[in-house]
Amino acid sequence: MDPVIQVNDVSMMFNLSSEKIDSIKEYFIKAIRRELHFQEFWALKNVSFQLEKGDSLGIIGLNGSGKSTLLKIISGILKPTNGSVKTIGSIAPLIELGAGFDANLSARENIFLNGAILGHGREYMEERFEEIIRFAELENFVDTAIKNFSSGMVARLGFAIATMNIPNILIIDEILAVGDYKFQEKSFQRMQDMIHSGATVVFVSHSVEQVKQICKKALWLEHGVVKAFGDAETVCSAYVNV
């Protein structure tokens, strides 16, 4: 069986400006004069691993270790500087809180908007509308503009839409941390159900307990380099005992 996710020797470099520029005009003047100076920052260095169907991977590491950058590369949002990523099947990325939402639209309108972005027709979304609202626990806020929602309410709505179907790959970046304990438990159970149904889950969290609860495998990143990859219990124990 071919791997569902195959990350091959991936590196990602960003150019960081080494000087302060106060306006777009100043930027273009310096660019024309070739006076712009950048520092290379390697967010990821030679990262490789692969996941099979039904695998669940937790990515751990300190802030700035490259976790979110790796998720964006797997999702296809970023193209790596070096290396390649191959994925099989549909991907449901839940990376940026509120990404794809229009803050001025209601929860109802955003559900249909996100459905259209995902390629689903109105009839299809109408069939799943009540389930999405019920899972997100937003029955009393269906027609409220989401700019008035708390971060937890936005996260619940985003998660409910992203998981209304079972994708081949589900990618989640820490956002469940903003939900309350009850919703986290419900979300974790849905993720477990999806894994048992054959979905491959990639999950970033600062909580090693969450990673051990949900994931079979763990990837530990340190300054963009793979420090360890393997059984979640083993990798998480090594991480917390450094």
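F135 and F159 are both buried, where buried means under 20% relative accessible area, exposed over 50% and partly exposed in between (1.4 Å probe, protein chains only). This is a predicted model, in which local features need pLDDT of at least 70 and side-chain atom pairs count only at pLDDT 80 or more, while totals for chains, interfaces and linings use all residues. Residues are numbered from 1 along each chain as its sequence is written, and side-chain values use heavy atoms, with hydrogens and water left out.

Let us stay with the rings for a moment. A pair of aromatic rings is described by the distance of the centres and the angle of the planes. Here, rings of Phe, Tyr and Trp (its six-membered ring) pair if their centres lie within 6.5 Å; planes under 30 degrees apart count as stacked, over 60 as edge-to-face and the rest as tilted. A search of the whole structure finds eight such pairs. F135 and F159 are stacked, at 6.0 Å centre to centre with 25 degrees between the planes. Because F135 belongs to helix α4 and F159 to helix α5, their pair ties together parts that are 24 residues apart in sequence. Helices (H or I, at least four residues) and strands (E, at least two) are DSSP runs, numbered from the N terminus.

F135 also pairs with F183, this time edge-to-face, at 5.7 Å centre to centre and 70 degrees between the planes. This second pair links distant parts of the chain, with F135 in helix α4 and F183 in helix α6, 48 residues apart. The relative accessible area is 11% for F135 and 2% for F183. Together, F135, F159 and F183 make up one aromatic cluster. The ring of F183 has a further partner: the charged end of R156 sits over it, 5.9 Å from its centre. A charge counts as over a ring if NZ of Lys or CZ of Arg is within 6 Å of the ring centre and within 35 degrees of the ring normal. Elsewhere, K227 lies over the face of W220, at 6.0 Å from the ring centre.

What surrounds F183 in its helix? Helix α6 covers residues 181-196 and reaches 23 Å from its first C-alpha to its last, close to the 22 Å expected at 1.5 Å a residue; the expected span is 1.5 Å times one less than the number of residues. Besides F183, its buried residues include Q184, S187, F188, R190 and M191. Among the elements that cover the buried residues of α6 are β3 (56-60), α4 (122-136), α5 (151-162) and β7 (200-204). After α6 comes G198, with a positive phi near 110 degrees.

Now to the charged pairs. A salt bridge is a side-chain nitrogen of Lys or Arg within 4 Å of a carboxyl oxygen of Asp or Glu, and the count comes to nine. Three of them are listed here.

| Salt bridge | N to O distance |
|---|---|
| R108 and D143 | 2.8 Å |
| R128 and E127 | 3.3 Å |
| K186 and E137 | 2.8 Å |

K186 lies in helix α6 and E137 in the loop between α4 and α5, so their bridge ties together parts that are 49 residues apart in sequence. K186 is partly exposed at 27% relative accessibility, and E137 is partly exposed at 25%. In the R128 bridge, R128 is buried at 19%, whereas E127 is exposed at 55%. R108 is partly exposed at 33%, and its partner D143 is exposed at 56%. Finally, E209, K212 and E233 are linked in a network of salt bridges.

Conventions. Contact = heavy atoms within 4.5 Å.
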